[in-house]
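Hello,

Here is the structure you will be working with. My notes on what was found in it follow below.

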Amino acid sequence: MTLVLCICSTKKIIGERDMEFWRTPLNVADVSVPRGKVNVIDDRCKGCGYCVEYCPKGILELSDRFNVKGYHPPTVTDPEQCVDCKLCEMLCPEFAVWVVSQGEVAIES
Ligand code: SF4
Ligand code: SF4
């Protein structure tokens with residue numbers, strides 16, 4: 001049996017929701033996490049929930065408010081945790097979501 005190890009050299013960490021270090025990485029001072037600001041045009045949303053379902057950080061949820069079409073547009077529950085992956089922006093079939101990059105922050109050790 002072949003054991004394959006995948007070592008990612010990128011500095012960006014996407015999908016860190018379930019990641020837990022068993023020790024502090026030796027290069028922790030070199031690692032940074034991108035941040036983004038999510039924007040939603042409420043009245044374009046059709047409430048499909050794709051953005052909510054696939055956000056790797058789980059920080060989107062359908063709100064209680066209604067848009068002009070009678071759907072519940074998404075809201076960001078924890079804006080500080082957005083990792084600027086832009087998956088919500090790419091998946092939205094109505095072009096109702098876009099993300100503005102906010103730079104990178106050092107990872108917490
Ligand atoms: S860019 Fe969108 S999908 Fe990615 S973490 Fe931020 S809210 Fe979630
Ligand atoms: S993917 Fe777009 S249309 Fe679907 S719920 Fe999210 S914002 Fe609304």
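**Contacts, core and ligand shells**

Beyond its neighbours within four places in sequence, Cys51 makes contact with Leu60, Pro74, Cys88, Leu91, Cys92 and Val97. Please keep in mind that this is a predicted model.

Cys51 also belongs to the largest nonpolar core, which has 15 residues. Along with Val38, Leu60, Cys88 and Val97, Cys51 is among those that touch the most other members. In soluble globular proteins, nonpolar side chains tend to be buried together.

Leu60 sits in strand β2, residues 60-62. Is Leu60 buried or exposed? Leu60 counts as buried because it has 23 C-beta neighbours inside 10 Å, and the cut-off for buried is 20 or more. Leaving out residues up to four places away in sequence, Leu60 touches Cys51, Val52, Cys55, Pro74, Val76 and Cys88. From Leu60 to Val38 the C-alpha distance is 9.6 Å, with their positions 22 residues apart in sequence.

There are also ligands to look at. Ligand 1 is surrounded by 15 residues, of which Cys55, Cys82, Cys85, Leu87 and Cys88 are the closest. Two elements, β1 (32-40) and α2 (87-91), give two or more residues to this shell. By class, the shell around ligand 1 has 11 nonpolar, 1 polar and 3 charged residues.

Around ligand 2 there are 16 residues, and Cys45, Cys48, Tyr50, Cys51 and Cys92 come nearest. That shell divides into 12 nonpolar, 2 polar and 2 charged residues. Cys51, where these notes began, is thus one of the residues that come nearest to ligand 2.

Regards

Definitions and conventions
Residues are numbered from 1 along each chain as its sequence is written. Chains are lettered from A and ligands numbered from 1 in the order in which they are written. This is a predicted model: local features need pLDDT of at least 70, side-chain atom pairs count only at pLDDT 80 or more; totals for chains, interfaces and linings use all residues. A residue is near a molecule or strand if its C-beta atom, placed from the backbone, lies within 6 Å of it. Helices (H or I, at least four residues) and strands (E, at least two) are DSSP runs, numbered from the N terminus. Ala, Val, Leu, Ile, Met, Phe, Trp, Tyr, Cys and Pro count as nonpolar, Asp, Glu, Lys and Arg as charged, and the others, Gly among them, as polar. A nonpolar core is a set of buried Ala, Val, Leu, Ile, Met, Phe, Trp, Tyr and Cys residues joined through C-beta atoms within 7 Å. A residue is buried if 20 or more other C-beta atoms lie within 10 Å of its own, exposed if 12 or fewer, and partly exposed in between; C-beta atoms are placed from the backbone. Two residues are in contact if their C-beta atoms, placed from the backbone, lie within 7 Å.
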